[in-house]
Amino acid sequence: MTVSLSRRRFLQLTGTAALGATALSACGSGSGASGNQISYWGAFASKDIETYFQQNFVDAYNKTATGANVPKVQMSVKQIDTIGRLTQTAIASGRGPDIIGTAGPAQTLPYVSNGNLLALDPYVDKLGWSNDLLSWALDAGRADGKLYSVPSGYETMAVFYNPATFRKHGWKPPTDRAGFEDLCKDATAKGMVPVGAGNAEFKAATEWHVTWIWNTFAGPEALYEALTGKRRWTDPVFVEAIAVLKGWFDKGWFGGGTNKYFTNKFTTIYEQLASGDTALFFNGSWTFTEIDPYFGKAAGNDATWDWAPLPSMNSGVPAGVQPLSIGTAYSVNKDCEHPAQAVDVLDYLVSDGRRQLEWLSATGVAPAPVKVTEADFPKDIDPRVERHYLQLNAATDIGYTTWTFWPPKSDTYIYEQMEKVITGDLSPKDYCAGLDKLFQQELKAGMRPPVPAPKGA
């Protein structure tokens, strides 16, 4: 799976989280392939991204697949709202993809439990993945001591804003809770929406807020302890963080109020950020694939955008924590007729640093977590994007995104039940208690992905 969709990971793609990209279909197993081919199912956010991927990944790989009996990739473009279900159905019927795309390690685990995946450990040294990929990202694909998925896109969260709006009001990107709350109060007094937010198009967007508040209020150390079973989600630090977030929603700081939050679309958020009617937007690296059409010449205005690290929302938690995220991952179907060739394709899609950065530069789509230096970035890349990934690549204060490190059912609970907290139908205490009960069950069942230590990626 490539990262060809934004992190707005349309839930209908997998029933729990969107694929964000594509899946490689079974060779000659009724998937639409004919002869000695690897059929590729692709879903793309735009025609431009589709064309780039076809030319620079599919066609480019096929040029390397020389020899009469070497399978080549044939791409078939599917609809975004059906590709996930098509993939799941195909796998369940035994006619599934050679390369299975998921929205990250947590969403790979059900396939592991069902015995659908090929262990990739024999290829790690052979293909040099330990040298090519960031260690935390590669290890996140392990389950029961074996490697079952390879990351194809990585991300973090940040604060996005309009520099002109900040200059006009004398603001600076907040670095702590006091600065954030002062900005929100000032923005409200001036008739602005302090924080752009909404989940009308994508219900799981609510977990983004849970992710950044827990990382900036509870902190990575507490999250690591809870994720590894040494602390419970009922701990006061987690409950208080949710209560603080709920309080901000009650003030109308997020999306202009609770009622509006459930109807706000991303187009509105970006337009208001560009016009100066919204001050901040807590969002992820996938913003780079979405934001440009609303700013500058493309939008018929002179607005610009920038990003800043996450602020600290509690004493003892440093500013600039970077929650780690594997937005998309690849696995290989254990029933694949040509496993070596499928792994070869997978390797081509993820392991070349310069190819990944050219993809990032051309499309804004998150690259695979390859080890790169500043010299590897294309000269024409947006400097804001380059700065973002250089900092993420060198992260030392790392945090945890819910869609990467929580078990799948717990992840779904986080955003579905947080809606009830926002509306006042569920207390922060009961919300955390419900999560803890479910999480402990999944932890015992081995459904939690590997979790790296919070210092050093």
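**Close-up 1. Asp121 and its salt-bridge partner Arg142.** Asp121 is partly exposed here, with a relative accessible area of 29%. This is a predicted model, and in it Asp121 forms a salt bridge with Arg142, their closest N and O atoms being 3.2 Å apart. Asp121 belongs to helix α4 (residues 121-127) and Arg142 to strand β5 (residues 142-143), so the bridge ties together parts that are 21 residues apart in sequence. Arg142 is partly exposed too, at 24% relative accessible area. There's a third member to look for: salt bridges that share partners join Asp121, Arg142 and Asp139 into one network.

**Close-up 2. A salt bridge inside helix α8, from Arg177 to Glu181.** The closest N and O atoms of these two side chains are 3.1 Å apart. Both residues sit in helix α8, four residues from each other, which puts about one helical turn between them. In general, an α-helix has 3.6 residues a turn, so residues three or four places apart point the same way. Arg177 is partly exposed, at 29% relative accessible area, while Glu181 is buried, at 18%.

**Close-up 3. Arg232 reaches a residue from a distant part of the chain, Asp436.** Their side chains meet in a salt bridge, at 2.7 Å from N to O. Arg232 comes from the loop between α10 and α11, and Asp436 from helix α19, 204 residues apart. Take a look at the surroundings of each: Arg232 is partly exposed at 43% relative accessibility, but Asp436 is buried, with just 5% relative accessible area. Across the whole model, the count of salt bridges comes to 13.

**Close-up 4. Phe180 and two of its aromatic partners, Trp253 and Phe282.** The count for the model is 38 aromatic pairs, and here are two of them. The rings of Phe180 and Trp253 have their centres 6.5 Å apart and their planes at 85 degrees, so this pair is edge-to-face. Phe180 is in helix α8 (residues 177-189), and Trp253 is in the loop between α11 (236-250) and α12 (258-261), 73 residues apart. Phe180 also makes an edge-to-face pair with Phe282, at 5.8 Å centre to centre and 75 degrees between the planes. That one links helix α8 to strand β10 (residues 278-284), with Phe180 and Phe282 102 residues apart. Phe180 and Trp253 are buried, and Phe282 is buried as well. Zoom out a little and you'll find a cluster linked by ring pairs, with Trp212, Trp248, Phe249, Phe254, Tyr261 and Phe262 among its members alongside these three.

**Close-up 5. Two arginines over aromatic rings, Arg355 and Arg384.** Arg355 lies over the face of Tyr348, at 3.8 Å from the ring centre. In the other example, Arg384 lies over the face of Trp305, this time at 3.7 Å from the ring centre.

**Close-up 6. Helix α10 and what covers its buried residues.** Helix α10 runs over residues 220-227, and its buried residues are Pro220, Ala222, Leu223, Ala226 and Leu227. Down the helix axis, they fall within an arc of 160 degrees, so they line one face of α10. What covers them? The elements include α9 (206-218), α11, β13 (398-400), α17 (402-405) and α19 (428-444). Following α10 comes Gly229, which has a positive phi, near 85 degrees.

Definitions and conventions:
Residues numbered from 1 in each chain as written. Predicted model: local features only at pLDDT ≥ 70, side-chain atom pairs only at ≥ 80, totals over all residues. Heavy atoms only, no water. Phe/Tyr/Trp six-rings, centres within 6.5 Å; stacked < 30°, edge-to-face > 60°. Helix = DSSP H or I, 4+ residues; strand = E, 2+ residues; numbered from the N terminus. Buried < 20%, exposed > 50% of the residue type's maximum accessible area, 1.4 Å probe, protein only. Lys NZ or Arg CZ within 6 Å of the ring centre and 35° of its normal. Arc of directions from axis to C-beta. Contact = heavy atoms within 4.5 Å. Salt bridge = Lys/Arg side-chain N within 4 Å of Asp/Glu carboxyl O.
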